[in-house]
Every structure is written in structure tokens, then in C-alpha cells.
Amino acid sequence: MRIFSVDIGGTNIKAGLLDEVGNIHDYVEHPTPESGGPEAVASTILFIKDNIFGSDCAIDGVGVGVAGPVDSDGVVYSPPNFRGWGIIDLKSLLAELLEYPPSRIFVGNDASLAALAEFIRGNGKKANPMVMITVGTGIGGGIVIDGKLLAGKSGFAGELGHMVIDPDGPRCGCGRRGCAEALIAHKGIVRTAWEVLRKDKGSIMWSLIEGRFDRLTPKVVQQAASLGDPAANKVLDIIARRMGTFLANVINLFNPEKIVIGGGIALWSDMIKKARIYAVRQALKPLSDDVRIVRARYIKMAGVVGAAIFAARSLTHSR
């Protein structure tokens, strides 16, 4: 099979042409439109297909992962990291723009599809249960039990990023306070770094951002930490403690054999090591003894690989 596979993230849209087992034959990244709502995103996907992969590109199916709650019919429900999105029938919108049959378009939560990729081909292979956590603009989760994705009653299971770990914490994009996503993902890291920076005028981070808050990113924190900056390392320790609490809750809830961490945060090996230590300390002893916390094989492309496998499996079952 030849699958056009798409992972819609809060920062980038990742797309590729893959076969039914997830081998990538072509791949591209494109910035996610900041305005225009789902129509602008769908138009960008059409642009990628027609202008980068070619309008005459023959495909057997379309697999799409999106960061937010998605039901089994391909309807997306008010994803917190996308402006102007409410309840959107993304499958129908894409079918109309791509001029492609809805029966050959398959839409799912990006982190759940990433979990599928890591379970079948990645560093969570055959683990039971396996929990996938993706950390980037937001935090997504996917749970595989007995070889099957946990969907829940309406298909929304796995929204682990909206587990509250500090009821008095900052406001999350979902409207609540203290979600893991608000504390550990991109904005949470930047917010914490700024709080530390304001008390440490000698930090290397000041020169890296040239005194401008809008230049402060997780990458700057990581870069400064690698140079031995105490302020940056303090930020990493705060984030690691929060992630440790989050992971401990996941361990206590699912008793997983493996937790696989993907997204940009997976590149921060020192922080992941610290988070693992904090998680093991906070989780119940019998459960923490049985879990392995590992970095994803597909750090940034798990969603694309998983969407292709999901689409191919769905096409096979529909025949």
C-alpha cells in the first residue's frame, strides 16, 4: 500500500508517503498555520500533497493524527492547542478538499497513533501494557493493552496531558489549572525559565536571548544547561520533578511494562534521567520496580508512522 500520512501538531504539520508497515519513502515538515482554523490546516495538507508530493501521486489511503480529542468518526473536539477550532468533522473536511473518499481517510489522536508506532516498530515493541507520552507544544498520551489501543467509551482515552498535578498551577489551554501540559510542555518550560531568569541576572540564557523574552525557548534552556549554566540546570530540575510526579501517576494508574517518551523533550537525556529517578521515588514500590522508562525510537515522526499503520490496518479490515 501507499499511504499519505499526516501528523498535525501545534507547531508543525509532518507528512509523508509510507507503506503499510510504516516505512517512510518521502517526508516533509511545514509550519502549522497560526490562524484560519481547521480550514487553513486542511488547505496546507492539500498543498503538501499536491505541490510537494505531486497532485498525480497515487495513494491507497490517508492517515491523519491530530493533537486533541478525536472520536471514531474522525470528529475533533475543541483541541486546546489550536486557535479557532471547535467541534470539527476533520475527515469530511479533508475528503472534500482532497477530493478523496471519506471511507479511505482515517483520523485519530496523534499520541495514540504514536503509541501504535512505538508498540509495533519502536522501543515499546510488544510491551504490555505500554504507555506512550509525547511532549512538545502540548502533552499527548496513548495506551496499548494486550496489543490494542485503549480507546475508551467515545474514543477519547489517553488525554494524559490534562492530568492535574498542581491544582493551583497555571491555566492550561483546556481551561483548567495545573495540568501536566501547562507545567511540562513548551509553554510551561518557558514560563519556568523566565521565573528563574528574573532572579538570576548572571545566567548565560540572558546573552542567548539578548534580553528578549520572545527569544526564550526550551532549546535555549537546553543549550545553556549543556554549557553548565546553574539557572538553566535549575529549570531542568524543576521540570524533571514535575515530570516525575506525572510519570508516577501514570505508573500507579496503568502498571505499565514500559513508558515510552517522545516529542522534542525526548532529546533532553539528562532531564529524562532525572524525571525517571523522581518517578520511581514517588510511584508505589511494586509498580515502580516493574516499569522501564525509555526514549522513543521515532522521537518526532512516531505520529506519521502510526497514522500510516492505522490507515493500512483499517483499509485491510474494511475489505
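**Two sheets and some helix packing**

Me: What's the strand order in the open sheet that has β8 in it?
Reply: The order is β10-β9-β8-β11-β12, so to speak a row of 5 strands with mixed pairing. Pairing here takes at least two DSSP bridges between two strands. Strands are DSSP runs of E with at least two residues, helices are runs of H or I with at least four, and both are numbered from the N terminus.

Me: And where does the model come from?
Reply: It's a predicted model, where local features need pLDDT of at least 70 and side-chain atom pairs count only at pLDDT 80 or more, while totals for chains, interfaces and linings use all residues. Residues are numbered from 1 along each chain as its sequence is written, and side-chain values use heavy atoms, with hydrogens and water left out.

Me: OK, back to that sheet. Which strands are at the edges?
Reply: β10 (148-149) and β12 (292-295), each of which pairs on one side only.

Me: How do β8 and β11 run, parallel or antiparallel?
Reply: Parallel: 5 bridges join β8 (residues 130-135) to β11 (residues 258-262). Within that pair, Val131 has Ile259 of β11 as its bridge partner.

Me: Which strands of this sheet does α3 lie across?
Reply: Helix α3 (residues 110-120) lies across β8, β9 (139-145), β10 and β11, at about 125° to β8. Angles run from 0 to 180 degrees between N-to-C directions, and axes are lines fitted to C-alpha atoms, for helices over the stretch in contact. Contact means heavy atoms within 4.5 Å.

Me: What about the sheet with β1, what's the order there?
Reply: That open sheet also has mixed pairing, with 5 strands in the order β3-β2-β1-β4-β7. Its edge strands are β3 (24-31) and β7 (105-109). On average, neighbouring strands are turned by 15° against each other, direction ignored.

Me: How many bridges between β2 and β3?
Reply: 7, joining β2 (residues 12-18) to β3 in an antiparallel run. Asn12 has Pro31 of β3 as its bridge partner.

Me: Which helix packs on that sheet, touching β2 and β3?
Reply: α11 (residues 302-318), which touches β1, β2, β3, β4 and β7, with its direction at about 135° to that of β1. Helix α3 turns up here too, lying across β1 (3-8), β4 (61-66) and β7, at about 95° to β7.

Me: Switching to helices. How far apart are the ends of α8?
Reply: The end C-alpha atoms of α8 (residues 230-254) are 36 Å apart, which agrees with the 36 Å its 25 residues should span at 1.5 Å a residue. The expected span is 1.5 Å times one less than the number of residues. After α8 comes Asn255, with a positive phi near 50°.

Me: How does α7 cross α8?
Reply: The axes of α7 (residues 218-226) and α8 come within 7 Å and cross at roughly 120°. That makes α7 oblique to α8; under 35 degrees counts as roughly parallel, over 145 as roughly antiparallel, 65 to 115 as roughly perpendicular, and the rest as oblique. The crossing is left-handed, meaning the near helix is turned anticlockwise from the far one by less than a right angle, with clockwise being right-handed.

Me: Which residues make that contact?
Reply: Val221, Ala224 and Ala225 of α7, with Ala232, Asn233, Val235 and Leu236 of α8. They divide into 6 nonpolar, 1 polar and no charged. Nonpolar covers Ala, Val, Leu, Ile, Met, Phe, Trp, Tyr, Cys and Pro, charged covers Asp, Glu, Lys and Arg, and the others, Gly among them, are polar.

Me: And what's the angle between α5 and α8?
Reply: About 135°, with the axes of α5 (residues 186-197) and α8 9 Å apart. The crossing of α5 and α8 is right-handed.
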